[in-house]
Amino acid sequence: THYNYAKFLESIGDIQGAIRNYERSGTHRKQVPCMLFQAGQLADLEAYIHQQNDEKMTQWWGQYQESTHNFDGAVQHYISARDELSLVRVYCFQGNFDAAKDVAKGSSNKAASFHLARQFEAHGDCKEAIQFFSPAGSFSQAVRLAKENGFDDDLVALALRASPENMLDSAEYL
């Protein structure tokens, strides 16, 4: 009932009434941003998101900021939302690998470490890539890089933590 009433209020332009009823219906996380965005009320939308102090909404606003190339705003919102993968992604895009490393090292987010490792690999920094494939749990990637680059010391350490298949593969290589 509250949802339908909110839709009606939205259709007649009663934005504040619609917001109250979307909140009562429990659909405000999706409906209010949609409504305010479609109405072009971006300042009101940002204020609403900050008022709600909701991680998912803050993350969404960070994604919006990123899509409009406001990377500083995106970073602030990703920090608030504790979205480490997105932080690492934006820092890598900006070429700020030191900040990305700090986030990945202080995080248990395997996807953030994996993304950073892939970025280091793409930039030819295989030692750094290996360092971040390991906490990502991607030992096969780390073993592959160590073999391709002749990092035998790293390979031995990685093989001891890798799957039995990677252990055998490393032993055959060595």
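Is Ser107 buried or exposed, and what is its relative accessible area? The legends below take up this residue and then other parts of the predicted model.

**Figure 1. Ser107 in the loop between helix H8 and helix H9 of the predicted model.** With a relative accessible area of 14%, Ser107 falls under the 20% cut-off, and the residue is therefore counted as buried. Its place in the chain is the loop that runs between helix H8, residues 97-105, and H9. The side chain of Ser107 makes a polar contact with the side chain of Glu84, at 3.1 Å, and Glu84 belongs to helix H7, which spans residues 84-94.

**Figure 2. The buried residues of helix H7 and the helices they pack against.** In helix H7, residues 84-94, the buried positions are Ser86, Leu87, Val88, Val90, Tyr91 and Cys92. These buried residues pack against helix H5, which covers residues 55-67, and helix H6, which covers residues 71-81, as well as against H8 and H9. An α-helix has 3.6 residues a turn, so residues three or four places apart point the same way. Just after H7 comes Gly95, where phi takes a positive value of about 80°.

**Figure 3. Ala117 and its contacts in helix H9.** Ala117 is located in helix H9, which is made up of residues 110-122, and at a relative accessible area of 0% it is buried. When neighbours within four places in sequence are left aside, Ala117 is in contact with Ala129, Phe132 and Phe133. His69 is 48 residues from Ala117 in sequence, and the C-alpha atoms of these two residues are 24 Å apart in space.

**Figure 4. Asn53 and His69, two loop residues with a positive phi.** Most residues other than glycine have a negative phi, and most peptide bonds are trans. Asn53, although it is not a glycine, has a positive phi of about 50°, and it sits in the loop between helix H4, residues 42-52, and H5. With a relative accessibility of 68%, Asn53 counts as exposed. His69, which is likewise a residue other than glycine, has a positive phi near 65° and is found in the loop between H5 and H6. The relative accessible area of His69 is 59%, and this residue is exposed.

**Figure 5. Asp153 in helix H12 and its separation from Tyr3.** Asp153 lies in helix H12, residues 152-161, and its relative accessibility of 70% makes it an exposed residue. Asp153 and Tyr3 are 150 residues apart along the chain, and their C-alpha atoms are separated by 62 Å.

**Figure 6. The whole chain, as a setting for the close-up views.** The chain has 13 helices and 0 strands. Its radius of gyration is 23 Å, well over the 16 Å that the globule rule gives for 174 residues, so the chain is more spread out than a compact globule. Taken along the principal axes, the box filled by the C-alpha atoms is roughly 75 × 30 × 20 Å. Buried residues account for 41% of the 174 residues, and among the contacts with a separation of 6 or more, 28% come from residues 24 or more positions apart. The exposed area of the chain is about 9800 Å², of which carbon and sulfur atoms supply 49%. The chain carries 16 positive and 23 negative charges, and the mean positions of the two sets are 6 Å apart.

How values were computed: Residues are numbered from 1 along each chain as its sequence is written. Side-chain values use heavy atoms; hydrogens and water are left out. Helices (H or I, at least four residues) and strands (E, at least two) are DSSP runs, numbered from the N terminus. The radius of gyration is taken over C-alpha atoms; the globule rule is 2.2 Å times the number of residues to the power 0.38. Buried means under 20% relative accessible area, exposed over 50%, partly exposed in between (1.4 Å probe, protein chains only). Contact means heavy atoms within 4.5 Å. Accessible areas come from the Shrake-Rupley method with a 1.4 Å probe; for residues, only the protein chains shown count as cover. Lys and Arg count as positive and Asp and Glu as negative; His and the chain ends are not counted. The place of a charge is taken as NZ of Lys, CZ of Arg, CG of Asp or CD of Glu. A polar contact is a pair of N or O atoms within 3.5 Å; within protein, one must be able to donate a hydrogen and the other to accept it, and residues adjacent in sequence count only if both atoms are side-chain atoms.
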